[in-house]
Amino acid sequence: MSAKIIDGKAFAANVRAQVAAHVARLKEVNGLTPGLAVVLVGEDPASQVYVKNKGIQTREVGMNSYEHKLSAETSEADLLALIAKLNADPAVHGILVQLPLPKHLDSDLVINSIDPAKDVDGFHISNVGLLGTGQKAMVPCTPLGCLMMLRDHLGSLSGLNAVVVGRSNIVGKPMAQLLLGDSCTVTIAHSRTKDLAEVCRRADILVAAVGRPEMIPGDWVKPGATVIDVGINRIERDGKGKLVGDVHFESAVAVAGAITPVPGGVGPMTIACLLANTLTACCRAHGLAEPEGLTA
Ligand SMILES: Nc1nc(=O)c2c([nH]1)NC[C@@H]1CN(c3ccc(C(=O)N[C@@H](CCC(=O)O)C(=O)O)cc3)C=[N+]21
């Protein structure tokens with residue numbers, strides 16, 4: 001038996017179509033156009049590609065995209081001044097500061113200077129606290145995308161054993177909160193976890209977010225489990241560049257019940273959820289009903 005492959009690319013296209021339909025209605029009925037500002041500091045080529053893709057997809061769903069490209073030497077004061085301007089701009093409903101920032105900038109300080117209501121990454125301490133206490137928050141895009149795919153595949157997650165491998169603030173920790181919110185029994189594992197293989201084998205839901213190419217082999221996967229691979233690792237194989245996840249796909253696909261591929265799994269859902277969050281932020285800013293099925 002081979003696992004069902006969860007098509008994140010198709011799923012993301014469907015989410016974007018739902019967002020586009022809501023945006024069209026907002027324009028027609030309320031005269032509103034959601035706006036997303038993306039701030040990129042420095043010239044990292046991978047980041048430039050992501051930011052370009054975000055801009056294209058933002059415009060495709062009918063939203064306004066505002067791109068701010070700053071030099072790698074930008075001072076913290078100048079960056080904070082730009083964020084203050086975006087916070088005050090009523091045309092901007094979402095603000096994303098592309099991470100990682102150059103080393104001379106304090107990313108915690110920068111992120112926490114964003115108006116929490118416009119923090120479409122969900123990284124501001126207010127949103128982290130709101131999510132952790134089950135209150136209405138902006139939810140980080142990658143875990144939100146994972147949750148949508150899990151709910152779609154499994155229906156109810158209630159009572160299932162979920163193991164999240166990875167404890168980052170951007171994926172592991174918020175993912176665990178969302179799974180807990182859907183009544184999973186949640187374990188957060190990481191590189192220091194004792195008997196990591198055994199812990200993984202107990203998972204009905206296994207979320208891999210460690211950033212180590214193919215570190216989770218098929219024999220760590222419980223037969224029939226749902227495997228969500230958040231890793232996006234660029235490796236060199238047979239003299240060619242290749243994108244692989246944190247899960248060893250070929251061995252895991254033979255054991256799992258369902259699995260997300262890399263590329264074409266979680267990655268496209270991350271951008272789709274960024275657009276969903278921008279729409280949600282716009283609706284909240286104007287006291288309008290939130291889009292159903294596009295929030296946690
Ligand atoms: N403030 C902030 N928020 C972010 O959400 C954020 C960030 N900073 N910094 C960088 C990471 C990375 N990230 C990705 C989004 C989509 C794909 C994606 O669509 N990947 C495609 C393939 C891409 C390729 O071929 O390179 C896929 O997995 O199928 C990947 C990575 C968002 N990030």
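A residue is buried if 20 or more other C-beta atoms lie within 10 Å of its own, exposed if 12 or fewer, and partly exposed in between, with C-beta atoms placed from the backbone. Helices (H or I, at least four residues) and strands (E, at least two) are DSSP runs numbered from the N terminus.

The model is predicted: local features need pLDDT of at least 70, side-chain atom pairs count only at pLDDT 80 or more, and totals for chains, interfaces and linings use all residues. Residues are numbered from 1 along each chain as its sequence is written.

**Exercise 1. Describe the overall build of the protein.**

Step 1. Take the secondary structure: the protein has 10 helices and 11 strands.

Step 2. Compare the radius of gyration, taken over C-alpha atoms, with the globule rule, which is 2.2 Å times the number of residues to the power 0.38. The radius of gyration is 19 Å, close to the 19 Å that the rule gives for 296 residues, so the protein is as compact as a globular protein of that length.

Step 3. Add the outer dimensions: along the principal axes, the C-alpha atoms fill a box of roughly 50 × 40 × 35 Å.

Step 4. Look at burial and contacts. Of the 296 residues, 44% count as buried. Two residues are in contact if their C-beta atoms, placed from the backbone, lie within 7 Å. Among contacts between residues at least 6 apart in sequence, 68% join residues at least 24 apart.

Step 5. Find the domains, whose bounds come from an automatic or database domain assignment. The assignment gives domain 1 (29-119) and domain 2 (141-268). Their centres, taken over C-alpha atoms, are separated by 28 Å.

**Exercise 2. Decide how far helix H7 is enclosed, and name what surrounds its buried residues.**

Step 1. Count the buried residues: seven of the 10 residues of H7 are buried, so H7 is largely enclosed by the rest of the structure.

Step 2. List them: Gly 172, Pro 174, Met 175, Ala 176, Gln 177, Leu 178 and Leu 179.

Step 3. Name the partners. The buried residues of H7 pack against helix H5 (125-132), H6, strand E5 (161-165), strand E6 (185-189) and strand E7 (205-208).

Step 4. Take one residue of H7 as an example. Met 175 is buried, with 29 other C-beta atoms within 10 Å. Leaving aside neighbours within four places in sequence, Met 175 is in contact with Pro 143, Cys 146, Val 164, Val 207 and Ala 209.

**Exercise 3. Describe how helices H6 and H7 meet.**

Step 1. State the geometry. Axes are lines fitted to C-alpha atoms, for helices over the stretch in contact, and angles run from 0 to 180 degrees between N-to-C directions. The axes of H6 (residues 141-154) and H7 (residues 172-181) come within 8 Å and cross at roughly 35°.

Step 2. Give the handedness. A crossing is left-handed if the near helix is turned anticlockwise from the far one by less than a right angle, and right-handed if clockwise. H6 passes H7 in a right-handed crossing.

Step 3. Name the residues: Pro 143, Cys 146 and Leu 147 in H6 meet Pro 174, Met 175 and Leu 178 in H7.

Step 4. Sort these residues by type. Ala, Val, Leu, Ile, Met, Phe, Trp, Tyr, Cys and Pro count as nonpolar, Asp, Glu, Lys and Arg as charged, and the others, Gly among them, as polar. The contact of H6 with H7 divides into six nonpolar residues, no polar and no charged.

**Exercise 4. Compare the settings of Ser 183 and Glu 214.**

Step 1. Read the backbone angles. Ser 183 is not a glycine, yet has a positive phi of about 65°. Glu 214, not a glycine either, has a positive phi of about 55°.

Step 2. Place both residues. Ser 183 is in the loop between H7 and E6, while Glu 214 lies in the loop between E7 and strand E8 (226-229).

Step 3. Classify them. Ser 183 has 13 other C-beta atoms within 10 Å and is therefore partly exposed. Glu 214 has 20 C-beta neighbours inside 10 Å, so Glu 214 counts as buried.

**Exercise 5. Locate two cis peptide bonds.**

Step 1. Leu 99 and Pro 100 are joined by a cis peptide bond with omega about 0°. Pro 100 sits in the loop between strand E4 (94-97) and helix H4 (107-111).

Step 2. From Val 262 to Pro 263 the peptide bond is also cis, with omega near -5°. Pro 263 is in the loop between strand E11 (258-259) and helix H10 (266-285).
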